[in-house]
Amino acid sequence: MKPVRVVTLWWVLLLVSRLGATRKGAPEEASFYYGSFPFGFSWGVGSSAFQTEGAWDQDGKGPSIWDAFTHSGKGKVLGDETADAACDGYYKVQEDIVLLRELHVSHYRFSLSWPRLLPTGVRADKVNKRAIKFYNDFINALLKSNITPIVTLHHWDLPQLLQVKCGGWQNVSMISYFRDYADLCFEAFGDRVKHWVTFSDPRTMAEKGYETGHHAPGLQLHGTGLYTAAHHIIKAHAQAWHSYNSTWRGKQQGLVGISLNCDWGEPMDISSPKDIEAAERYLQFCLGWFANPIYAGDYPQVMKDRIGKKSAEQGLDMSRLPVFSLQEKSYIKGTSDFLGLGHYTTRYITERNYPSRQGPSYQNDRDLVELVDPNWPDLGSKWLYSVPWGFRRLLHFAQTQYGNPPIYVTENGASQKLHCTQLCDEWRIQYLKGYINEMLKAIKDGVNIKGYTSWSLLDKFEWEKGYSDRYGFYYVEFNNRNKPRYPKASVQYYKKIITANGFPNPREVESWYLKALETCSINNQMLAAEPLLSHMQMVTEIVVPTVCTLCILISAVLLLLLLRGQS
Ligand SMILES: *[C@@H]1O[C@H](CO)[C@@H](O)[C@H](O)[C@H]1NC(C)=O
Ligand SMILES: *[C@@H]1O[C@H](CO)[C@@H](O)[C@H](O)[C@H]1NC(C)=O
């Protein structure tokens, strides 16, 4: 941990000194824009199976790599937490649909659990009928409430048996296993699901799963494993898209895309060509790595050049970045009906002008340094600073790089790291307001954005952070075995944006804010009363039956004595 902190401090100092010299402050955030979103713009919230469902070994579900990872011992996850129960979402479908209705969302983005549907990961082995029924019921309940399901096929919870048997995404046979799984989902749910996301944030899957080892499967295959994993993921995505296009699209008329997460990279010194290049490189290694093959047929040139050159310097006779054949390029190009974009924050980027002490790695390949402005607000996770203008720039970048595709924002949101039960999440409200407004400006500029998914519905299991980061509109009391949900102030606020389909005028938007903070203090009192409520529960569940049993016993004894006395 220590070196990281030192480096961070150094970055911040460097940034302060260089920003002072080169920029007169951060880029000006233009004034707030009052206006409406296009008619039919889709508003939603999101979540994922592993983070919320719980019921990790129930009703025929197989283990996932995240079950194995969280069960494997100390130090993998903060507080050694598991997601065995998580939010108990598996048992709370009706309750959670009430929350979605309360938010007035038009869509809900969630993921299917591959090991719940296919316990071994392989369709030919066994399909879990109870899982099919569970997701069928869930989808039907959403539709009954007029909520459109946006369904992610894979959000990181790979079946553990595929990891054991094949080595997960290192193995080329994963491509056909994924295609078979995708096909099953199209077949079972595609009559009602019209928006499919193949993979959610595959960059993090590859980087944290196969390079840093911070995520399941926890491998550290420096500078190679992540590129191999990504290569197979891109091909798997393309196969699923082709399978949909050739077999299901005619009947089902849906859309299949991928969801890519990327922060914005702003050149630290806008007059330095090296910084401008470094920021471009940051974006290409982040978004372009997956988007370029899908939209243009190959990895970004800068990735091919850099990784090729470094591999040669490292004495390898082949680039660590795999190569697509001509046939594969044309097969992969054009396999996305929309671009899913996940976005949270922004970094200043500068060229790294000191030699790296690391061996082959993704970090080393990029040759850049990421910095943050210490003035950016960061109430939540350490990495997540609120920088709304970066969102608009990223949306522009995606528009120009990939030929103005339809874009669904599939993730955007903020966490709070508060352990106390504070429902007045003023900071999330400011974040939402700022980011949604920048998205509105991007739409006015002509970016083709179809929908927005705020992350997320509930506080939930946050991977290596355990339950310490709370992204939810609804607070979940994880210590209570009933996992009760409580609305935070941001529920009221987001709901108002949705209902107005934008920001009508300063007076009204200000009144939303005041109203939201008013209701949260009432909800805080409800939450404070909860321990009392659990206490009452104990009274009814344990004390009452015990007392009753005792009463009956005593009466019986008395009756016996009475009868004896009479005889
Ligand atoms: C890849 O997976 C297959 C099973 O589909 C297995 O037989 C093979 O040994 C795996 N290859 C490697 C290199 O792990
Ligand atoms: C998608 O399917 C349609 C209809 O079958 C076909 O005409 C088209 O060529 C397919 N697209 C690709 C890229 O294969």
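In which sense do strands β2 and β3 pair, and over how many bridges? In this predicted model, strand β2, formed by residues 42-46, pairs with β3 in the parallel sense, and three bridges connect the two. One position that illustrates this pairing is Val45, which stands opposite Tyr108 in β3.

Strand β3 has a second partner. Strand β4, which comprises residues 148-154, runs parallel to β3 and is joined to it by five bridges. Here Ser111 of β3 may be taken as a point of reference, for it stands opposite Thr152 in β4. Strand β3 is thus paired with β2 and also with β4.

The surroundings of β3 can be described residue by residue. A residue counts as buried when its relative accessible area is under 20%. Five of the five residues of β3, which spans residues 107-111, are buried, and therefore the strand is largely enclosed by the rest of the structure. In a regular strand the side chains alternate between the two faces of the sheet. In β3, His107, Arg109 and Ser111 point one way, whereas Tyr108 and Phe110 point the other way, and all of these residues are buried. Tyr108, the residue opposite Val45 of β2, and Ser111, the residue opposite Thr152 of β4, accordingly belong to the two sets that point in opposite ways.

Another strand carries an annotated position. The UniProt record, an unreviewed entry, places the feature "active site" at Glu411. Glu411 is found in strand β11, which covers residues 407-411. Is Glu411 buried or exposed? Its relative accessibility is 5%, so Glu411 counts as buried.

The model also includes ligands, and the first to be considered is ligand 1. The residues around ligand 1 are Cys166, Asn171, Ser173 and Tyr177. This shell divides into two nonpolar residues, two polar residues and no charged ones. Three side chains of the shell place an N or O atom at a short listed distance from an oxygen atom of the ligand: Asn171 at 2.3 Å, Tyr177 at 3.0 Å and Ser173 at 3.1 Å. On its own, ligand 1 has 360 Å² of accessible area, of which the protein covers 39%.

Ligand 2 has its own set of surrounding residues, namely Trp241, His242 and Asn245. An N or O atom in the side chain of Asn245 is 2.4 Å from an oxygen atom of ligand 2. The protein covers 30% of the 360 Å² of accessible area that ligand 2 has on its own.

Two further positions complete the account. Thr335 is placed in the loop between α13 (326-332) and β8 (339-342). Its relative accessibility is 0%, and Thr335 therefore counts as buried. The side chain of Thr335 reaches the backbone oxygen of Ile332 at 2.7 Å.

Ala68, by contrast, lies in a helix, α3, which is made up of residues 65-71. With a relative accessibility of 28%, Ala68 counts as partly exposed. Which distance separates the C-alpha atoms of Ala68 and Pro217? Although these residues are 149 residues apart along the chain, their C-alpha atoms are separated by 8.3 Å.

Key: Residues numbered from 1 in each chain as written. Chains lettered and ligands numbered in written order. Predicted model: local features only at pLDDT ≥ 70, side-chain atom pairs only at ≥ 80, totals over all residues. Heavy atoms only, no water. Near = heavy atom within 4 Å. Polar contact = N/O pair within 3.5 Å; in protein donor to acceptor, adjacent residues only side chain to side chain. Areas by Shrake-Rupley, 256 points an atom, 1.4 Å probe, with all protein chains shown as cover. Nonpolar A, V, L, I, M, F, W, Y, C, P; charged D, E, K, R; others polar. Buried < 20%, exposed > 50% of the residue type's maximum accessible area, 1.4 Å probe, protein only. Helix = DSSP H or I, 4+ residues; strand = E, 2+ residues; numbered from the N terminus. Pairing = 2+ DSSP bridges. UniProt positions renumbered as here; feature names shortened; annotations may be inferred.
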